[in-house]
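Work through the exercises below with the sequence and the 3D view open. Try each task before you read its solution.

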Amino acid sequence: MDTHHTSDTEFSTKGSYVTGGEYTRDTNYIETRITRDGADGYPVEAGRYRLVVARACPWAHRSTIVRRLLGLEEAISIGVCGPTHDARSWTFDLDPGGLDPVLGIPRIQDAYFKRTPGYPRGITVPAVVDVPSGAVVTNNFPQITLDFSTEWVDFHREGAPELYPEALREEIDTVNKRVFTEVNNGVYRCGFAGSQEAYDAAYDRLFTALDWLEERLATQRFLVGETITEADVRLFTTLVRFDAVYHGHFKCNRNKLTEMPALWAYARDLYQTPGFGDTVNFEQIKQHYYIVHEDLNPTQIVPKGPDASGWETPHGRDALGGRPFGDGTAPTRPVDA
């Protein structure tokens, strides 16, 4: 196993997240896809691939929700990294001996180096790894969940919902684009702003978008159509972290999520739906942000609050109609991540 020990000094420096001016996310991912026709050399095949995630990470959290909603647990195994990392990124410190039990590696970086020695870009989760070769196939998180819906259909559970229905794809894509730029990434643009001007602009953009969502969700139960779709998954992972992390740590503090009636009720509705709340780990979420981002939180003290019991309170969203799983059913198997 090549773990590139010679590069330890190069890759083990602590991460610096605030670099001055406006924060810009690196969106150059490994765009290889796993498809039914195997066009990129990686055909859909049960048992061949391992989804590597961290429960702290909102981008990875999407993939754990979609995998569970669609019932892909038997087809795609899951490896879970711990909540903290250095600049060399995520480690399997939750597993016995600090090694992923299937891949046999201590950090996901090793699978990236198997694909591209000295891989120079961000070592991110989620990543899908080809188990036989030990190499990362893709870390292109927006495509991973769409492909779970569209390419892995032969392995969906009975009653799996349609998260990316063809008739709604154009609207889902439009909503997703605004939610990504203004909300999912908007909180980071606030948190990692390197100047007052950059922060002020990011804050205004974020809350303009949250006000738009508050208005939209006041009259409809889900973001697009009558059922849960990919759009709801993508928004949920930011909302569930909002009061615990983004409000204080990232200074997104015009108000809390709990102070936006429609969004708070919507978030609770999803949280109480199998596949959503049962994949949330607030402790790991808080540990990740407050410990890893030392330039934002030098003491690395993790706050005890907020009280998470409110997530289980009645939401009243059923009155808006809608059928969460459409013609399908909720997942019933135990969570394996």
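**Exercise 1. Locate Pro 126 and Pro 306, and describe the peptide bond that leads into each.**

Solution. Start with Pro 126. Its place is the loop between α3 (109–115) and β5. Helices (H or I, at least four residues) and strands (E, at least two) are DSSP runs, numbered from the N terminus. The bond from Val 125 to Pro 126 is cis, with omega near 5 degrees. Next, go to Pro 306, in the segment after α10 (282–292). Gly 305 and Pro 306 are joined by a cis peptide bond, with omega about -5 degrees.

Two conventions apply throughout. This is a predicted model: local features need pLDDT of at least 70, side-chain atom pairs count only at pLDDT 80 or more, and totals for chains, interfaces and linings use all residues. Residues are numbered from 1 along each chain as its sequence is written, and side-chain values use heavy atoms, with hydrogens and water left out.

**Exercise 2. Find where Lys 251 and Gln 300 lie, and give the phi value of each.**

Solution. Lys 251 sits in the loop between α8 and α9 (261–271). Its phi is near 60 degrees, a positive value in a residue other than glycine. Gln 300 belongs to the segment after α10. Phi of Gln 300 is also positive, near 60 degrees, and this residue is not glycine either.

Now check exposure. Buried means under 20% relative accessible area, exposed means over 50%, and partly exposed lies in between (1.4 Å probe, protein chains only). Lys 251 has a relative accessible area of 42%, so it is partly exposed. Gln 300, at 30%, is partly exposed too.

**Exercise 3. Work out which strands pair with β1, and in which sense.**

Solution. Two strands pair if DSSP finds at least two bridges between them. Take β5 first. β1 and β5 are antiparallel, over four bridges. Tyr 49 has Asp 130 of β5 as its bridge partner. Then take β2 (residues 77–81). β1 and β2 are parallel, over five bridges. Arg 50 has Ser 77 of β2 as its bridge partner. The chain runs from β1 through α2 to β2, and this β-α-β crossover is right-handed. That term applies if, with the strands pointing away from the viewer, the path from the first strand over the helix to the second runs clockwise. Leu 51 stands opposite Ile 78 in β2.

**Exercise 4. Are the faces of β1 covered or open?**

Solution. Side chains in a regular strand alternate between the two faces of the sheet. Take one side of β1: Tyr 49, Leu 51 and Val 53 are buried. Then the other: Arg 50, Val 52 and Ala 54 are buried as well. Both faces are covered. Six of the six residues of β1 are buried, so the strand is largely enclosed by the rest of the structure. As for β2, four of its five residues are buried, and the strand is mostly covered.

**Exercise 5. Explain why α4 counts as largely enclosed, and name what covers it.**

Solution. Helix α4 spans residues 141–150. Seven of its 10 residues are buried, so the rest of the structure largely encloses it. The buried residues are Phe 141, Ile 144, Thr 145, Leu 146, Asp 147, Phe 148 and Ser 149. Their cover includes β1 (49–54), α2 (58–70), β5 (127–130), β6 (135–138), α5 (169–184) and α8 (230–246).

**Exercise 6. Place Leu 210 and list what it touches.**

Solution. Leu 210 lies in helix α7 (residues 196–217). Its relative accessibility is 3%, so it counts as buried. Contact means heavy atoms within 4.5 Å. Not counting residues up to four places away in sequence, Leu 210 touches Val 183, Leu 239, Phe 242, Met 260 and Leu 263. Tyr 289 is 79 residues from Leu 210 in sequence, and the two are 22 Å apart in space, C-alpha to C-alpha.
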